[in-house]
Amino acid sequence: MGSGMMQQEGSTAMTDQLYTTHDISRLLQVDPSTVSKWIDRGILMAFRTPGGHRRVRSADLRTFLITHQMPVPEELGSGTVRLLVVDDERAVLDAIKRAFKPYAAQVELQTTTSGVEALLLVSEQKPHGMIIDLNMPDIDGLEVCRRIRARKQMEGVRLITMTSLHSPDVVEQSKQAGALACLAKPLDVQQVLELFRVPLALSAKR
């Protein structure tokens, strides 16, 4: 396909702010040790600075709160999970948007037909995650994953690949490239919601 085209539904993503465990404890009115336990258990994504201090991105904190059906403070902005979907076939993107329509209150979709444009958008929009077709003409999905994983500031973005030629080998290649999972096409929305920790009880509300 020709040059990439991008469509976004919903508001423009906010620039991620970084929070300390004490910031989060004040914001959520919980003890700092509780925040540390969430991080240690792996249910709240965080990273360490060169000095060893923990930091949590606002996008990851929003996702955590949505997952555990906790109120999202106004300071954190929208409580939706932002996904960037990449596929060179417009018909596929349209089908995915229709499939996600019942979950519009929980998931904000952005789409592009270009792997190259996706690499630009992930830096600008900072989505919670990306769903990437493996077979694209400009740059394949595995290479998109590798390039994103090479960026330290993008380590919190969850990557999922998708393909109509699903096999154990393809799944393994995707994981080696940095993807969380590889899903078969046509995409199963419920699988995506589970992978991005969107609570099914919430997403089922119409």
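Trp-38 is buried, since its relative accessible area is 12% and a residue counts as buried when that value is under 20%. The model in which this residue appears is a predicted one, and the briefing below follows Trp-38 to its aromatic partner before turning to the packing of helices H5 and H6.

**The aromatic pair**

- When the whole structure is searched for aromatic pairs, one is found.
- This pair joins Trp-38 and Phe-64, whose ring centres are 4.7 Å apart and whose planes stand at 45°, so the pair is described as tilted.
- The two partners come from distant parts of the chain, because Trp-38 belongs to helix H2 (residues 32-40) while Phe-64 belongs to helix H3 (residues 58-67), and 26 residues separate them.
- Phe-64 is buried as well, with a relative accessible area of 4%, which falls under the 20% cut-off.

**The packing of helices H5 and H6**

- Two packed helices are described by the angle between their axes and by the distance between those axes.
- Helix H5 (residues 115-125) packs against helix H6 (residues 141-149) at an angle of about 25°, and their axes lie 10 Å apart.
- That angle makes H5 roughly parallel to H6, because angles under 35 degrees are counted in this way.
- The crossing in which H5 passes H6 is right-handed.
- On the H5 side the contact is made by Gly-115, Leu-119 and Val-122, which meet Val-144, Arg-147 and Ile-148 on the H6 side.
- Sorted by class, the residues in this contact of H5 with H6 are four nonpolar, one polar and one charged.

Key. Residues are numbered from 1 along each chain as its sequence is written. This is a predicted model: local features need pLDDT of at least 70, side-chain atom pairs count only at pLDDT 80 or more; totals for chains, interfaces and linings use all residues. Side-chain values use heavy atoms; hydrogens and water are left out. Axes are lines fitted to C-alpha atoms, for helices over the stretch in contact, and angles run from 0 to 180 degrees between N-to-C directions. Helices (H or I, at least four residues) and strands (E, at least two) are DSSP runs, numbered from the N terminus. Angles under 35 degrees count as roughly parallel, over 145 as roughly antiparallel, 65 to 115 as roughly perpendicular and the rest as oblique. A crossing is left-handed if the near helix is turned anticlockwise from the far one by less than a right angle, and right-handed if clockwise. Contact means heavy atoms within 4.5 Å. Ala, Val, Leu, Ile, Met, Phe, Trp, Tyr, Cys and Pro count as nonpolar, Asp, Glu, Lys and Arg as charged, and the others, Gly among them, as polar. Rings of Phe, Tyr and Trp (its six-membered ring) pair if their centres lie within 6.5 Å; planes under 30 degrees apart count as stacked, over 60 as edge-to-face and the rest as tilted. Buried means under 20% relative accessible area, exposed over 50%, partly exposed in between (1.4 Å probe, protein chains only).
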